[in-house]
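User: Could you take a close look at one of the sheets in this model for me? I'd like to see how its strands pair up and what surrounds them.

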Amino acid sequence: MDDFFLEVDHIFVCTTKDAESISVLQKLGLHCSNQVVQHFKQGTASKIIFFENTYLELIWIEDKHLVEQQSVHTGVHTLSRLHGQHTKASPFGVGLRRKFNHGSLVSHSPLYLSEEWMRCLGWATPTQMSISFAAENLVNQEEPFCFMIPDSIALTAWLDPSLTAHQKLISHPLGVKKLTSVKITINSDKHLTDAMSLLSTHSAVAIEQGESPLLELTFDEGIREKNLDARPILPILLKY
């Protein structure tokens, strides 16, 4: 399909609970929201960096026992991803949203096609407040964790750049505005699952193999041809 029906809503990076991860991105020129987001049921917490069309979430363990319980219940092995340097698990996750469809639901619409594709890949169509996973990707920890979020809680459902408060969230000293491409390096020689292969084929997220995990985020088409490296503190490379 020329117009792929999915796009990146947000990306998370598993890290440790310390101020250094946040401060390195702030020193590079990104504005981080002051609020700590507590995921009480999952035993994790995070801080978020917003952009015009996506957000970056740094997530860490708050309650190891609760995280272990949730891993058993959901199959989402957060602890393994947090210790990826020892397990080869990818520390990255990609939240996807459906592109907004102005037309009605007909057989050739992006919405209809997205539901057909999700059924083929073993995904369920997200309900109003549920997150949908691809079964094979869920258990393959060596590739980024990918999931679909319901339309009602996608970034595009609430972010309004015309509001002053929202303008402050997405204004960065570095001057970057929109995420225009994502490339993720994985330390694995396994074949990609169907879900991740689909995303890579349609350029939603490029995947390549390498010696260590790396998240490369390109903003504004990389028009200024500049790079900023958050390593070794975070496996993130910014291009703008």
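Analyst: Strand S11 (residues 227-229) pairs with S12 in the antiparallel sense, over three bridges. Strands here, like helices, are DSSP runs numbered from the N terminus (E, at least two residues, for strands; H or I, at least four, for helices), and two strands pair if DSSP finds at least two bridges between them. The link from S11 to S12 is a hairpin of six residues. Across this pair, Asn-227 stands opposite Lys-239 of S12.

A word on the source: this is a predicted model, in which local features need pLDDT of at least 70 and side-chain atom pairs count only at pLDDT 80 or more, while totals for chains, interfaces and linings use all residues. Residues are numbered from 1 along each chain as its sequence is written, and side-chain values use heavy atoms, with hydrogens and water left out.

Now to the other side of S12. Strand S10 (residues 214-219) runs parallel to strand S12 (residues 236-239), and four bridges join the two. Lys-239 turns up again here, as the S12 bridge partner of Thr-218. Put the pieces together and you get an open sheet of five strands in the order S9-S8-S10-S12-S11, with mixed pairing. Strand S9 (206-209) and S11 are at the edges with a single partner strand each, so one side of each has no neighbour in the sheet. On average, neighbouring strands of this sheet are turned by 20 degrees against each other, direction ignored; such angles are taken between axes, lines fitted to C-alpha atoms (for helices over the stretch in contact), and run from 0 to 180 degrees between N-to-C directions.

At the S9 end, S8 and S9 run parallel and are joined by four bridges. Ile-186 stands opposite Gln-209 in S9. Thr-185 belongs to strand S8 (residues 179-186). Is Thr-185 buried or exposed? At 6% relative accessibility, Thr-185 counts as buried (buried is under 20% relative accessible area, exposed over 50%, partly exposed in between, with a 1.4 Å probe and protein chains only). Skipping neighbours within four places in sequence, Thr-185 has contacts (heavy atoms within 4.5 Å) with Phe-92, Glu-208, Gln-209, Gly-210, Ser-212, Pro-213, Leu-214 and Glu-216.

The sheet also feeds into the nonpolar packing. The largest nonpolar core has 44 residues, and Leu-25, Leu-56, Ile-184, Leu-215 and Leu-217 are the ones that touch the most other members. A core in this sense is a set of buried Ala, Val, Leu, Ile, Met, Phe, Trp, Tyr and Cys residues joined through side-chain atoms within 4.5 Å. Beyond four places in sequence, Leu-217 contacts Ile-11, Leu-56, Leu-179, Ser-181, Val-182, Leu-237, Leu-238 and Lys-239. There's also a second, separate core of ten residues, with Cys-14, Val-76, Leu-138 and Phe-145 among them.

Some of those contacts lead over to the other sheet, so to speak, and that one deserves a quick tour. Seven strands make up this open sheet, ordered S2-S3-S4-S1-S5-S7-S6, again with mixed pairing. Its edges are strand S2 (37-39) and strand S6 (132-133), each with a single partner strand, so one side of each is left without a neighbour in the sheet. Strand S1 (residues 6-14) and strand S4 (residues 55-61) run parallel, held together by five bridges. Helix H1 (residues 19-27) lies across strand S3 (44-50) and S4, at about 160 degrees to S4.

Phe-12 makes a handy landmark there. Phe-12 sits in strand S1, and its bridge partner in S4 is Glu-57. Phe-12 is buried, at 10% relative accessible area. Its C-alpha atom is 5.7 Å from that of Leu-58, although the two residues are 46 apart along the chain. Leaving out residues up to four places away, Phe-12 touches Glu-57, Ile-59, Pro-91, Phe-92, Gly-93, Phe-145 and Phe-147.

Zooming out, the protein chain has nine helices and twelve strands. Of its 240 residues, 48% count as buried. Contacts between residues at least 6 apart in sequence join residues at least 24 apart in 61% of cases.
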